[in-house]
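Student: Could you pick out one part of this and take me through it slowly? I'd like to see what it touches and how its surroundings are put together.

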Amino acid sequence: MILTNHPTECEGAGSEPLSIHPPKHEELEPVIGQLQSQLRVLKLERAAIVKRIGIIKKTIVGLADLFGSDAIEGELQGLLPLHSRPRARTRPGLTALCRQLLRETSQPLTLGEIMRQLQIKSPARLARQRHPENSLRVILRRLVVYGEAEKLRTKDGACAWNATAADGKPEEESSPTADHEHASPR
């Protein structure tokens, strides 16, 4: 039998003509829905697999760091970086720069003052941040949580930060106002 879009007689069969109509969109919707569902599931599975591969690679590198790269043999040796030890930082990170800046300054600093000082000290480090003010807010909030800094309010209500001593008390008792308020970290 020959299937066509136009009704014609079938060769040699002597039966009625057979026609095929293009599928309607309603007929495709369940198929497309199923395919989308399967694609979503496969993407989630792939993400889980990629995550698991990363965990396993990190575990292998960690084991190589603990027991030496000789403990890892064969195929797994290719997963190890040339230097399985983390490299030392040649320049301090943004958090270390903030810590240092707060310790070197006797008065509390506002976010704007910290930004200006960091742009003078290390413009490249700050330039790498997509949103440097937000990055600094997060770092300063963490330093408060760690007990390395305290958050104060200036006379005009702006937030300012001051370094604390190792025991969590402020290094300097000088503050922008005599009755400063301690803001809780968010």
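Tutor: Let's go with W161. Leaving out residues up to four places away in sequence, W161 touches L102, P108, L109, T110, L111, I114, L140, V144, E150 and K151. Keep in mind that this is a predicted model.

Now look at the company W161 keeps. The largest nonpolar core has 20 residues, and W161 is among those touching the most other members, along with L102, I114, L118, L136, L140 and L143. Helix 2, helix 3, helix 5 and strand 3 are the elements that each give two or more residues to this core. So let's go through the helices in that group and see how they meet.

Start with helix 2 and helix 3. Their axes are 11 Å apart and the packing angle is about 110°, which makes helix 2 roughly perpendicular to helix 3. On the helix 2 side, the contact uses L94, L97, C98, Q100, L101, L102 and E104, while helix 3 brings I114, Q117, L118 and K121. Notice L102 and I114 there: both of them are touched by W161. If you like handedness, the crossing of helix 2 and helix 3 is right-handed.

Next come helix 3 and helix 5. Here, too, the angle is about 110° and the axes are 11 Å apart, so this pair is roughly perpendicular as well. From helix 3, L111, I114, M115 and L118 meet P132, E133, L136, R137 and L140 of helix 5. L111, I114 and L140 should ring a bell, since W161 touches them too.

The remaining pair is helix 2 with helix 5. These two pack at about 65°, with axes 10 Å apart, and helix 2 passes helix 5 in a right-handed crossing. The residues doing the touching are L94, T95, C98, R99 and L102 in helix 2, and S135, L136, I139, L140, R142 and L143 in helix 5.

Helix 5 deserves a moment by itself. What length would you expect for its 14 residues, numbers 132-145? At 1.5 Å a residue the span should be 20 Å, and the end C-alpha atoms are indeed 20 Å apart, so the two agree. Its buried residues are S135, L136, I139, L140, L143 and V144. Those buried residues pack against helix 2, helix 3, helix 4, strand 2 and strand 3. After helix 5 comes G147, which has a positive phi, near 80°.

Just along from there is E148, in the loop between helix 5 and strand 2. With a relative accessible area of 24%, E148 is partly exposed. Its contacts, again skipping residues up to four places away in sequence, are R99, R103, L143, N162, A163 and T164. R99 is 49 residues from E148 in sequence, yet their C-alpha atoms are 7.8 Å apart.

You can find that kind of pairing over in helix 3 as well, where E113 sits. E113 and A160 are 47 residues apart in sequence, but 9.1 Å apart from C-alpha to C-alpha. E113 has 30% relative accessible area, so it counts as partly exposed. Then there's S122, in the loop between helix 3 and helix 4. S122 counts as buried because its relative accessibility is 17%, and the cut-off is under 20%. Its C-alpha lies 9.0 Å from that of L94, 28 residues away along the chain.

Finally, step back to the whole chain. It has 5 helices and 3 strands, running α-α-β-α-α-α-β-β from the N terminus on. Of its 186 residues, 22% are buried. Among contacts between residues at least 6 apart in sequence, 44% join residues at least 24 apart. Helix 1 makes a nice contrast to end on: it has 43 residues and reaches 62 Å, close to the expected 63 Å, and its buried residues are I60, V61 and A64.

Note on methods. Residues are numbered from 1 along each chain as its sequence is written. This is a predicted model: local features need pLDDT of at least 70, side-chain atom pairs count only at pLDDT 80 or more; totals for chains, interfaces and linings use all residues. Side-chain values use heavy atoms; hydrogens and water are left out. Helices (H or I, at least four residues) and strands (E, at least two) are DSSP runs, numbered from the N terminus. The expected span of a helix is 1.5 Å times one less than its number of residues. Buried means under 20% relative accessible area, exposed over 50%, partly exposed in between (1.4 Å probe, protein chains only). Contact means heavy atoms within 4.5 Å. A nonpolar core is a set of buried Ala, Val, Leu, Ile, Met, Phe, Trp, Tyr and Cys residues joined through side-chain atoms within 4.5 Å. Axes are lines fitted to C-alpha atoms, for helices over the stretch in contact, and angles run from 0 to 180 degrees between N-to-C directions. Angles under 35 degrees count as roughly parallel, over 145 as roughly antiparallel, 65 to 115 as roughly perpendicular and the rest as oblique. A crossing is left-handed if the near helix is turned anticlockwise from the far one by less than a right angle, and right-handed if clockwise.
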